[in-house]
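This report introduces a structure to a reader who has not met it before. It turns to an annotated site and then to aromatic rings.

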Amino acid sequence: MNLIIDIGNTVAKMAAFDGRALVEVLYDSNRTLEHLPGFCEKYPFEKAIVATVIDVDRQVRNRLDELPCPVLWLDEKTLLPVENLYDTPHTLGYDRIASVAGANEQYPGRDILVVDAGTCITYEFIDAAARYHGGNISPGMQMRFKALHRFTARLPLVSAEGPLPSMGKDTDTAIRAGVLKGIEYEIVGYIRAMKHKYPELLVFLTGGDDFSFDTNLKNIIFADRFLVLKGLNRILNYNNGRL
Ligand SMILES: Nc1ncnc2c1ncn2[C@@H]1O[C@H](COP(=O)(O)OP(=O)(O)O)[C@@H](O)[C@H]1O
Ligand SMILES: CC(C)(COP(=O)(O)O)[C@@H](O)C(=O)NCCC(=O)O
Ligand SMILES: [K+]
């Protein structure tokens, strides 16, 4: 059994894998990882991988140091099953390359765009020869709502739940449509631009924020909430003999 830990800017995810099979996923605080000890009692983990995009607190570090199995800390030195062409591997958020490792495992030999909608919305491109070229970083949904409230005098903090016209009719819907339709058009814009360049493109949508939108591109879009976890599991198995 593999233990996979993905620590993001908003939330931590931990998962149990048996080979390539996902057994269980748990969301946890990225500040405490309080459910980690209980999770480790539930499964006979033989090895673990940790990917973090934050500087973990002392408490989290202690919990990870106490893991009952060898741990692979994913960083720029880790051997990867895909080629990393990012110019600054030492600053790369490794959740990003894990997402394309997960997508490439499911569809090897294909040009793939991964859209990961979480704290940030990231756009990753991996080509049919399994080369990760990088991609873009954009504000996530909650960040957009919070920024409109934080950096203006009068805009309220609006939630994603509520009426969603295509064009706002009042302050509440103006902000909600500005954020949600803005994200939708941004994602569709990236898909159309990339598909023009790579006609056989496949698209994966992942991350904690769900988006559904009407587009005639639905037939090339795969939703997989656990793509990063699957990619981390692939990387851990790829490094099996090196732990
Ligand atoms: N259990 C949860 N805890 C926190 N956020 C969640 C949860 N489930 C869904 N979300 C949504 O997912 C977003 C975080 O997405 P995710 O990609 O998991 O986070 P991260 O950016 O930390 O990797 C949050 O902004 C929130 O809107
Ligand atoms: C872009 C990110 C903040 C996304 O993290 P998340 O939304 O999963 O919390 C993370 O991948 C990161 O910190 N990247 C470092 C910069 C880079 O990837 O070039
Ligand atoms: K993420």
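## Annotated site and aromatic contacts

A polar contact of 2.5 Å joins the side chains of Thr119 and Thr10. The model is predicted.

Thr10 lies in the loop between strand 1 (2-7) and strand 2 (12-18), while Thr119 is placed in the loop between strand 7 (112-117) and strand 8 (120-126). Thr10 has a relative accessibility of 56% and therefore counts as exposed; Thr119, at 27%, counts as partly exposed. When residues up to four places away in sequence are not counted, Thr10 touches Asn30 and Thr119. On the same basis, Thr119 touches Asn9, Thr10, Pro139, Gly140 and Met143.

Both threonines appear in an unreviewed UniProt entry, which lists Asp6, Ile7, Gly8, Asn9, Thr10, Val11, Ala12, Lys13 and Thr119 under "binding site". These residues are spread over 114 residues of sequence, yet they cluster in space, with a largest C-alpha distance of 13.4 Å. Of them, Asp6, Gly8, Asn9, Thr10, Val11, Lys13 and Thr119 are included in the lining of the largest pocket.

Aromatic rings form a second topic. A search of the whole structure finds nine aromatic pairs. In one of them, the rings of Phe39 and Phe45 have centres 5.7 Å apart and planes at 40 degrees, so the pair is tilted. Phe39 and Phe45 are both buried, and together with Tyr43 they form one aromatic cluster.

Charged side chains also sit over rings, as tabulated here.

| Charged residue | Ring | Distance from ring centre |
|---|---|---|
| Arg61 | Trp73 | 4.4 Å |
| Arg242 | Tyr238 | 5.8 Å |

How values were computed. Residues are numbered from 1 along each chain as its sequence is written. Chains are lettered from A and ligands numbered from 1 in the order in which they are written. This is a predicted model: local features need pLDDT of at least 70, side-chain atom pairs count only at pLDDT 80 or more; totals for chains, interfaces and linings use all residues. Side-chain values use heavy atoms; hydrogens and water are left out. Rings of Phe, Tyr and Trp (its six-membered ring) pair if their centres lie within 6.5 Å; planes under 30 degrees apart count as stacked, over 60 as edge-to-face and the rest as tilted. Buried means under 20% relative accessible area, exposed over 50%, partly exposed in between (1.4 Å probe, protein chains only). A charge sits over a ring if NZ of Lys or CZ of Arg is within 6 Å of the ring centre and within 35 degrees of the ring normal. UniProt positions are given in the numbering used here, feature names are shortened, and annotations may be inferred rather than shown by experiment. On a 1 Å grid over the protein atoms alone, a cavity is a set of points where a 1.4 Å probe fits but cannot get out, and a pocket is an open set with protein on both sides within 12 Å along at least five of seven lines; lining residues have an atom within 4 Å of a point. Helices (H or I, at least four residues) and strands (E, at least two) are DSSP runs, numbered from the N terminus. Contact means heavy atoms within 4.5 Å. A polar contact is a pair of N or O atoms within 3.5 Å; within protein, one must be able to donate a hydrogen and the other to accept it, and residues adjacent in sequence count only if both atoms are side-chain atoms.
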